[in-house]
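Hello,

I am passing a structure over to you. Please open it first, then read the notes underneath.

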Amino acid sequence: TCEFIHYRHDPANPDSLHNDTVSAIYEDEDGVLWLGSFEGLYRFDRSTGKFSVLAHDPADPDSLANNSVYRLLPEGDGRIWVGTLGGLDLFDPETERFTHFLHDPADPQSLPDNQITELYRAPSGVLWLGTWHGGLAYLDPDAWAQGEARFVRYQHNPDDPASLSDNSVWAIHQDRVGALWVGTQAGLNRLDTRSHTFTRYREKEGLPNNAV
């Protein structure tokens with residue numbers, strides 16, 4: 001039989017979760033469990049059953065950008081991408097410091113929106129991300145290899161039927177032929193990564209519901 005061990009917030013236990021909502025889980029190469037919540041980023045010690053939290057500190061510019069953590073994804077070198085509702089962070093577990101990537105209205109190559117709803121690593125290694133209001137983007141791998149963070153954006157254009165159907169992106173997946181499937185608040189999209197055009201699938205095309 002299967003048995004579940006429950007880990008919940010306990011007001012009498014400072015080493016418990018501070019919030020019962022867990023939005024993301026990642027196990028690193030050392031077997032450490034990292035959990036995203038609405039109260040910060042947690043490290044779980046399996047041997048003791050204790051949780052320690054890394055939270056936003058206004059006085060510390062290297063702390064977590066925002067306590068609402070939605071997504072976790074490994075970078076591949078021990079660091080972890082942390083998608084929050086206040087920006088994208090790259091977390092180094094060894095130093096426990098966060099590097100921030102934020103939206104800059106004056107920079108079209110910056111993060112398109114600070115509210116991160118999805119992180120996806122394509123088979124090619126490219127990091128894709130979805131945002132609440134800024135559409136879809138990927139981290140330019142050539143610039144990243146040179147130590148620069150440049151984001152290439154795909155956003156909804158009401159005058160272009162081949163653009164993204166909506167700027168609220170909730171799901172990303174690349175299929176075996178290389179097409180990128182993007183679930184949004186207003187339909188499913190198939191991105192041809194060679195022509196950079198989208199094919200939209202919505203209720204009027206037979207989709208059961210526009211919110212994917």
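How do the residues of the lining of the largest pocket divide into nonpolar, polar and charged? Four are nonpolar, two are polar and seven are charged. Keep in mind that this is a predicted model.

The pocket itself comes next. The space in it is about 240 Å³. Its lining has 13 residues. Nearest the centre are D28, E29, D77, G78 and R79.

Now the aromatic rings. The count is 18 aromatic pairs. Take F101 and W144. Their ring centres are 6.0 Å apart and their planes stand at 65°. Edge-to-face requires planes over 60 degrees apart, so this pair is edge-to-face. F101 belongs to strand β8 (residues 97-101), while W144 belongs to helix α1 (residues 141-145). The pair therefore ties together parts that are 43 residues apart in sequence. Are the two partners buried or exposed, or in between? F101 has 12% relative accessibility and counts as buried, because the cut-off is under 20%. W144 has 23%, so it counts as partly exposed.

W132 and W170 make another edge-to-face pair. Here the distance is 5.7 Å centre to centre, with 70° between the planes. W132 sits in the loop between β10 (127-131) and β11 (136-139). W170 sits in strand β13 (residues 169-174). This pair therefore ties together parts that are 38 residues apart in sequence. W132 counts as partly exposed, at 26% relative accessibility. W170 is also at 26% and counts as partly exposed.

There is a ring cluster to look at as well. Ring pairs link Y7, Y42, F44 and F51.

Last, the nonpolar cores. How many residues does the largest one have? It has 14. W128, L136, Y154, I172, L180 and L191 have the most contacts inside it. Three elements give two or more residues to this core: β11, β13 and β14 (180-184).

L180 is a good residue to select on screen. Leave aside its neighbours within four places in sequence, and its contacts include Y120, W128, L136, I172 and L191. H173, Q174, N189, R190 and T193 are also in contact with L180.

A second core is separate from that one and has 13 residues. Among them are L73, W81, A137 and F151.

Best wishes

Conventions:
Residues numbered from 1 in each chain as written. Predicted model: local features only at pLDDT ≥ 70, side-chain atom pairs only at ≥ 80, totals over all residues. Heavy atoms only, no water. 1 Å grid on protein atoms, 1.4 Å probe; cavity = no way out; pocket = protein on both sides within 12 Å on 5 of 7 lines; lining within 4 Å. Points joined across faces, edges and corners; volume = space filled by probe spheres on them. Nonpolar A, V, L, I, M, F, W, Y, C, P; charged D, E, K, R; others polar. Phe/Tyr/Trp six-rings, centres within 6.5 Å; stacked < 30°, edge-to-face > 60°. Helix = DSSP H or I, 4+ residues; strand = E, 2+ residues; numbered from the N terminus. Buried < 20%, exposed > 50% of the residue type's maximum accessible area, 1.4 Å probe, protein only. Core = buried A, V, L, I, M, F, W, Y, C linked by side-chain atoms within 4.5 Å. Contact = heavy atoms within 4.5 Å.
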